[in-house]
Amino acid sequence: MKSQPDLKLLATFLAVVRHGSMAEAAAALGYVPSAVSQHIAALERDMGIELLVRRPGSRLILTAAGRSLAQATETLFDATARFQDVANGIANREIAELRVGTYPSAMSHLFPEVLSTLKARRSGPRIHLIDVETHEGLPKVKSGDMDLLVAYRYLPEDPPTPSDAWTVTALGREPLVLVTGAEPGRRRPVRLAECLERDWISGHAHNADRRLLHRWAGELGISPRVTLETEDLQGMLAMIRAGLAVGLIPATLLDRGHEESGVERVVLPPGVTPLHREILAVSRPGARPPVIDELVTLLAGALESIRS
């Protein structure tokens, strides 16, 4: 027996089974009856066993082997059809699951609304969302473990920078808001000059947000005293709410009315440019599935609403 039966012979055999006669199968396939008979004979030789009992004047009868082969052939052709559907979908950039990495504050403050909107718009691939920091996610995009990474960049020289390994799409700028703890009953805004002798909170010494803070402070000629260091933005907020520090917080973490978050904005001197971090979408080079472009558009819109 051949290890791989001829698919053309199997298709003819299945047509004979479905129609119950070689003549009807031949008409359906566009063959002459003798060609169908030859295909069945060749298949039986390949299999080494009789598949059909031929009785003049009556319909064909399947042997036990023929019934088993008919069932297996149905399964094979059904799987082949499903495979072809998937292959066609892939060719049309349709996928079953999209693996998306993003930093924690985007997962909690940007993605819930964006994914709800996307789900309401279309039935598409599952979104597998993974909590990952930018520096950890970039190698995963390069290796193919992630299809899309939503990343941030505090300084233009920091990654993700242009590379042959990925495509970078700018989603927008997220404001960084200088805030201090809210004090009930305070009638005037807090100004930067009042914060210079207070303790500040920021990332560790070599973190991008800390380097941005020092660059900005140097341009202003001030020297904020960072006594609290953490990479946890929620931890930063907790310290600021408690009145223990002043710090730069991404706007997505703050309610529209900052006082409701237990913090309030520090007013900067006239002419001082507010700070921001860039939010970027990183994917592999080449054509992207349409759902990625739709997701990128929704995220850009969500960031724009924060800025406004």
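Start by selecting Lys 8, Leu 9, Leu 10, Thr 12, Phe 13 and Val 16 in helix H1, then add Val 36, His 39, Ile 40, Ala 42, Leu 43 and Asp 46 in helix H3: these two sets meet, contact being heavy atoms within 4.5 Å. This is a predicted model, where local features need pLDDT of at least 70, side-chain atom pairs count only at pLDDT 80 or more, and totals for chains, interfaces and linings use all residues. Residues are numbered from 1 along each chain as its sequence is written, and side-chain values use heavy atoms, with hydrogens and water left out.

The residues of this contact split into 8 nonpolar, 2 polar and 2 charged (Ala, Val, Leu, Ile, Met, Phe, Trp, Tyr, Cys and Pro count as nonpolar; Asp, Glu, Lys and Arg as charged; the others, Gly among them, as polar). Now show H3 whole, residues 33-47: its axis comes within 9 Å of the H1 axis, and the two cross at roughly 115°. Axes here are lines fitted to C-alpha atoms, for helices over the stretch in contact, with angles from 0 to 180 degrees between N-to-C directions. Helices (H or I, at least four residues) and strands (E, at least two) are DSSP runs, numbered from the N terminus.

Next, keep H1 (residues 7-19) and bring in H2 (residues 22-29), which packs on H1 at about 120° with the axes 8 Å apart. That makes H1 oblique to H2 (under 35 degrees is roughly parallel, over 145 roughly antiparallel, 65 to 115 roughly perpendicular, the rest oblique). Pick out Thr 12, Ala 15, Val 16 and His 19 of H1, and Met 22, Glu 24, Ala 25, Ala 28 and Leu 29 of H2, to see the contact. The tally there is 6 nonpolar, 2 polar and 1 charged.

Jump to Pro 160, in the loop between strand S5 (148-153) and strand S6 (167-181). What is the peptide bond from Pro 159 to Pro 160, cis or trans? That bond is cis, with omega near 5°. Most peptide bonds are trans.

Last stop: select Tyr 154, Leu 176, Ile 201, Ser 202, Asp 209, Leu 213, Leu 233, Met 236, Leu 248 and Pro 250, the lining of the largest cavity. Strand S8 (199-202), helix H9 (208-220), helix H10 (233-241) and strand S10 (246-250) each supply at least two of these lining residues. The lining divides into 8 nonpolar, 1 polar and 1 charged. A cavity is a set of points on a 1 Å grid over the protein atoms alone where a 1.4 Å probe fits but cannot get out, and lining residues have an atom within 4 Å of a point.

Notes:
1 Å grid on protein atoms, 1.4 Å probe; cavity = no way out; pocket = protein on both sides within 12 Å on 5 of 7 lines; lining within 4 Å.
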